[in-house]
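User: Please take a close look at one annotated part of this chain. Then describe the chain around that part.

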Amino acid sequence: MNQTPLSRLEAGLSTQGLDAMLITDPKHIYYLTGFASNPHERFLGLVLARGEDPLLIVPALDEEAAAAASSVSNIATHTDTDNPYALFERYQGRLGRVGLEKEYVTVARYEQLTAALGAANFEDVGPLLRTLRVKKTPDEVARIRHAIHLIEETLRQGLSHVRTGVTEIELVAEMEYQMKKLGADGPSFDTMVLTGPKTGLPHGTPSERKLQHGDLLMFDMGVYAGGYASDITRTFAFGDISPELKTIYNTVLAANEAAIRAVKPGVTCADIDRAARQVTEEAGYGERFLHRVGHGMGIDVHEYPSLHGQNMDILEEGTVFTIEPGIYTGAGGVRIEDDVLVTETGVEVLTSYPKELQILTD
């Protein structure tokens, strides 16, 4: 029988030699219980103590929503005037080793938990959660597919607003309007629209720059839908572009396709990065490929694994990640990004928006 993420994490109590785990990242709580919330400054936590039912701690204003959505029925609440750490008095002095997400917990919260629990010994459960999340279930893949469908339809709809003189910011606004109109929860990161020489900035900031004939036009964007993210980049030509930019585009496309061909269970993350990088190096643009070839994607738009040339972790069936090689020069840059799924025998490309160079006009 398939175990739930929560039951698999509970099993980690004994394998990790822990008395309890305290999960406080809202996305992990959603992943484990089905309850999605942004608590802002209020305390949100899931307590897994050995030999006890899981306890979900939520702000009182979220009690009804948590009861309706969460698989955990044992719920404790606190008001805006309560000290939420008083809820840990029941564990005072009983817990020797407690697991925390050390990358997420702040120093202030760590100090409060130490006092509340009686100076427990805290261990990092981030790697355990990472292991649970890396292999997506069929339901998770279906949610990712839906988020990808929404962002690709956003791009199709938004391109109708491309014209001479439109600004990057205007196109950002149009894309984010389309996301919401199509039913997305919102962007999965700051929508990036860059034009002309600014496409040579891997993480450039959209501005009032106006689109001109002969420009490259880059869209890097994604949405959240059903708790899961999508992430796609496509680069277009607006009118005729220089032969150099066409060469750069074709090189990036070849690198993207080479990396996709390299994906299968049992290869390393480094193998995928190297497959793309070999293409850019042979074309003379190796030094202009400035970042890793991709990153994992799921309930976070950036999650494990990181696909770079030094990562020897092995790819497993069910892993979802991006493949996004790029070349960046002073004249402009190109990035082409797909979302892929490692299958039993190879790879499935989840994104379907065309990648061949498209020339847009007024």
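Analyst: Helices (H or I, at least four residues) and strands (E, at least two) are DSSP runs, numbered from the N terminus. This is a predicted model, in which local features need pLDDT of at least 70 and side-chain atom pairs count only at pLDDT 80 or more, while totals for chains, interfaces and linings use all residues. Residues are numbered from 1 along each chain as its sequence is written, and side-chain values use heavy atoms, with hydrogens and water left out.

The part in question is residues 143-344, where UniProt, in an unreviewed entry, places the feature "domain: Peptidase M24". UniProt positions are given in the numbering used here, feature names are shortened, and annotations may be inferred rather than shown by experiment. Helix makes up 32% of this span and strand 25%, and its end C-alpha atoms lie 20 Å apart.

Start with T251, which belongs to helix α8 (residues 243-261). Its relative accessible area is 8%, which means that T251 is buried; buried is under 20% relative accessible area, exposed is over 50%, and partly exposed is in between (1.4 Å probe, protein chains only). Contact is defined as heavy atoms within 4.5 Å. Apart from residues up to four places away in sequence, T251 touches V279, T280, A283, Y285 and I327.

A backbone feature follows at P305, a residue of strand β14 (residues 303-307). The peptide bond from Y304 to P305 is cis, and its omega is near 5°.

The next residues bear on the ends of the part. H149 is placed in helix α6 (residues 138-158). With 46% relative accessibility, H149 counts as partly exposed. H149 is separated from Y353 by 204 residues in sequence, but C-alpha to C-alpha the two are 9.4 Å apart in space.

V347 sits in strand β19. V347 has 29% relative accessibility, so it counts as partly exposed. Its C-alpha atom is 7.8 Å from that of R261, a residue 86 places away in sequence. Setting aside neighbours within four places in sequence, V347 is in contact with I260, V263, V340 and L341.

S352 lies in the loop between β19 (347-349) and β20 (359-360). At a relative accessible area of 52%, S352 is exposed. S352 and D339 are 13 residues apart along the chain, with 9.2 Å between their C-alpha atoms. When neighbours within four places in sequence are left aside, the contacts of S352 are with E152 and R156.

The chain has a further annotated span. An unreviewed UniProt entry places the feature "domain: Creatinase N-terminal" at residues 6-134. That span is 35% helix and 20% strand, with end C-alpha atoms 15 Å apart.

L129 is a residue of helix α5 (residues 126-134). L129 has a relative accessible area of 0%, so it is buried. Along the chain L129 and R8 are 121 residues apart, yet 9.7 Å separates their C-alpha atoms. Beyond its neighbours within four places in sequence, L129 makes contact with L9, I23, H28, L32 and E101.

H40 is found in the loop between α2 (26-33) and β2 (45-49). Its phi is near 55°, a positive value in a residue other than glycine. H40 has 57% relative accessibility and therefore counts as exposed.

Now the chain as a whole. The protein chain holds nine helices and 20 strands. Its radius of gyration is 23 Å, close to the 21 Å that the globule rule gives for 362 residues, so the chain is as compact as a globular protein of that length; the radius is taken over C-alpha atoms, and the rule is 2.2 Å times the number of residues to the power 0.38. The C-alpha trace spans about 70 × 40 × 35 Å along its principal axes.

Of the 362 residues in the chain, 54% are buried. Among contacts between residues at least 6 apart in sequence, 66% join residues at least 24 apart. The chain exposes about 15800 Å², of which carbon and sulfur atoms supply 49%; accessible areas come from the Shrake-Rupley method with a 1.4 Å probe, and for residues only the protein chains shown count as cover.

The chain carries 32 positive and 52 negative side chains, and the centres of the two sets are 2 Å apart. Lys and Arg count as positive and Asp and Glu as negative, with His and the chain ends not counted, and the place of a charge is taken as NZ of Lys, CZ of Arg, CG of Asp or CD of Glu.
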